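The following paragraphs lead the reader through one protein structure, step by step. Please view the sequence and the model together before reading on.

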Amino acid sequence: MPTVLTLESARSDDGKLVLTALGEIDLSNIDAFDDALGTAAAEAANNSERLTVDLSEVEYLDSAAINALFSRADHIQLIAHPLLISILTMSGLNQLVHVEPAQPMGEHSQA
């Protein structure tokens, strides 16, 4: 049975393309993630922009997901759940892709 994963591609308020994932990414749903990532990355590249991949609601991803991100490293930037930062660092993906830690829920910057 596939692990629950929700994927949504949309433009942010500033017009940038964002692929948002909610759930866990593993071998059972990697095809859906890879397809969505490829489609969104191609759209962003066609507009000469980087795709933001928002993984702030993903607490687990396996090596297949890391490989999918590596294959699109030239075209993406990441927002990652704090639990993912260590795996992104150990894999070396953070050396190729800008990785921004997600803000904990309820924390907003003070102006």
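**From a hairpin to the whole chain**

In the hairpin formed by β1 and β2, 5 residues lie between the strands, and one of the residues of this hairpin, G15, adopts a positive phi near 90 degrees. The model that shows this feature is a predicted one. The two strands of the hairpin are strand β1, residues 5-11, and strand β2, residues 17-25; they run antiparallel and are joined by 7 bridges. Individual pairs can be followed along the hairpin. S9 has L19 of β2 as its bridge partner, and A10 stands opposite V18 in β2.

The pairing continues on to β3. Strand β2 is joined to β3 by 7 bridges, and these two strands run parallel. The residues of β2 already named serve as a guide here. L19, the bridge partner of S9, has V53 as its bridge partner in β3. Likewise V18, which A10 faces in the hairpin, stands opposite T52 in β3. The reader may thus trace one path from S9 to L19 and from L19 to V53, and another from A10 to V18 and from V18 to T52.

How do these strands fit into the chain as a whole? The protein chain contains 3 helices and 5 strands. Read from the N terminus, their order is β-β-α-β-α-β-α-β. For a chain of 111 residues, a compact globule would be expected to have a radius of gyration near 13 Å, and the value for the protein chain, 13 Å, agrees with this. Along the principal axes, the C-alpha atoms fill a box of roughly 45 × 30 × 25 Å. Of the 111 residues, 39% are buried. Contacts also link distant parts of the sequence: among those between residues at least 6 apart, 55% join residues at least 24 apart.

The surface and the charges complete this general view. The protein chain has an accessible surface of about 6,600 Å², and carbon and sulfur atoms account for 51% of that surface. There are 4 positive and 17 negative charges, and the mean positions of the two groups are 11 Å apart.

Strand β3 deserves a closer look. Of its 11 residues, 8 are buried, so β3 is largely enclosed by the rest of the structure. S56 belongs to this strand, which spans residues 51-61. Is S56 buried or exposed? S56 counts as buried because its relative accessibility is 18%, and the cut-off for a buried residue is under 20%. Beyond residues up to four places away in sequence, S56 touches I79, A80, H81 and A102. One of these contacts, I79, is 23 residues from S56 along the chain, yet the C-alpha atoms of the two are separated by 6.0 Å.

The loop between α1 and β3 offers two further residues to examine. S48 is placed in this loop, which follows α1 (30-46). Its phi is near 55 degrees, a positive value in a residue other than glycine. S48 has a relative accessible area of 72% and is therefore exposed. R50 also lies in the loop between α1 and β3, but R50 counts as partly exposed, at 40% relative accessibility. Apart from neighbours within four places in sequence, R50 is in contact with L17, A44, A73, D74, H75, I76 and Q77. R50 and I30 are 20 residues apart in sequence, and their C-alpha atoms are 21 Å apart in space.

The last stop is the start of the chain. V4 is found in the segment before β1. With a relative accessibility of 65%, V4 counts as exposed. V4 nevertheless has contacts beyond its neighbours within four places in sequence, namely L22, G23, E24 and N29. From V4 to I25, the distance is 21 residues in sequence and 8.3 Å in space, C-alpha to C-alpha.

Terms used. Residues numbered from 1 in each chain as written. Predicted model: local features only at pLDDT ≥ 70, side-chain atom pairs only at ≥ 80, totals over all residues. Heavy atoms only, no water. Helix = DSSP H or I, 4+ residues; strand = E, 2+ residues; numbered from the N terminus. Rg over C-alpha atoms; globule rule 2.2 N^0.38 Å. Buried < 20%, exposed > 50% of the residue type's maximum accessible area, 1.4 Å probe, protein only. Contact = heavy atoms within 4.5 Å. Areas by Shrake-Rupley, 256 points an atom, 1.4 Å probe, with all protein chains shown as cover. Lys, Arg positive; Asp, Glu negative; His and termini not counted. Charge placed at Lys NZ, Arg CZ, Asp CG, Glu CD. Pairing = 2+ DSSP bridges.
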